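Visitor: I am new to this model and would like a close look at one part of it. Please start there and then work outward to the rest of the chain.

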Amino acid sequence: MRRRRRTTSAPVTTSRPSPARFAACYASLAAAGATGIASIHLTREMSGTLTAAMDAPVPVEVIDSRSIAMGLDYPVLAAARAAATGAPIEAVAAAARRAPACSA
């Protein structure tokens, strides 16, 4: 038996993680030895997540992917490739920002 999804006129919304949640995650990464963080997020045009991610105990490069869903893959993969070569955080962030979704 198939159930029909209820329809509603309420708009779809998202709830961003709190700044404290980001700070706790970043602090955990710093305690584990991270000296910099590239934090890549869905577009600020659709969510407040990017703003919540700006406070960190180590240098953080907060990157607006200018995308959602699969479009996030491009900057994440570009950043991961740069990080895997030992690039400094500034180069990792630059690689993410040059990726197709970010530079559109």
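Guide: Arg66 sits in the loop between S2 and H3. Names such as these follow DSSP runs numbered from the N terminus, where a helix (H or I) has at least four residues and a strand (E) at least two. This is a predicted model, in which local features need pLDDT of at least 70 and side-chain atom pairs count only at pLDDT 80 or more, while totals for chains, interfaces and linings use all residues. Residues are numbered from 1 along each chain as its sequence is written, and side-chain values use heavy atoms, with hydrogens and water left out.

Arg66 is not a glycine, yet its phi is positive, at about 60°. Most residues other than glycine have a negative phi. Arg66 counts as partly exposed because its relative accessibility is 47%; buried means under 20% relative accessible area, exposed means over 50%, and partly exposed lies in between, with a 1.4 Å probe and protein chains only.

Arg66 is one of the residues touched by Thr43, together with Asp64, Ser65, Ser67 and Ile68, when residues up to four places away in sequence are not counted. Contact here means heavy atoms within 4.5 Å. Thr43 belongs to another loop, the one between strand S1 (37-41) and helix H2 (49-52). With a relative accessible area of 5%, Thr43 is buried.

Back in the loop between strand S2 (60-64) and H3, there is also Gly71. Gly71 is buried, at a relative accessible area of 12%. Its C-alpha atom is 9.7 Å from that of Ala99, although 28 residues separate the two along the chain.

Next comes H3 itself. Helix H3 (residues 73-84) and helix H4 (residues 89-98) have axes that come within 7 Å and cross at roughly 150°; axes are lines fitted to C-alpha atoms, for helices over the stretch in contact, and angles run from 0 to 180 degrees between N-to-C directions. H3 is therefore roughly antiparallel to H4, a term for angles over 145 degrees. The crossing of H3 with H4 is right-handed, meaning that the near helix is turned clockwise from the far one by less than a right angle. On the H3 side, Pro75, Ala78, Ala79, Ala82 and Ala83 take part, and they meet Ala91, Val92, Ala95 and Ala96 in H4. Sorted by class, this contact has 9 nonpolar residues, no polar and no charged ones; Ala, Val and Pro are among the residues that count as nonpolar.

Elsewhere in the chain, helix H1 (residues 19-31) holds Leu29, and Ala23 is in H1 as well. Leu29 is partly exposed at 36% relative accessibility, and Ala23 is partly exposed at 24%. Val58 is 9.0 Å from Leu29 between C-alpha atoms, with their positions 29 residues apart along the chain. For Ala23 and Val58, the C-alpha distance is 9.9 Å at 35 residues apart in sequence. Leaving aside neighbours within four places in sequence, Leu29 is in contact with Ala34 and Ile37.

Now the whole chain. There are 5 helices and 2 strands, running α-β-α-β-α-α-α from the N terminus on. Of the 104 residues, 30% count as buried. Among contacts between residues at least 6 apart in sequence, 57% join residues at least 24 apart. The chain exposes about 7300 Å², and carbon and sulfur atoms supply 56% of that.

Methods
Parallel < 35°, antiparallel > 145°, perpendicular 65-115°, else oblique. Areas by Shrake-Rupley, 256 points an atom, 1.4 Å probe, with all protein chains shown as cover.
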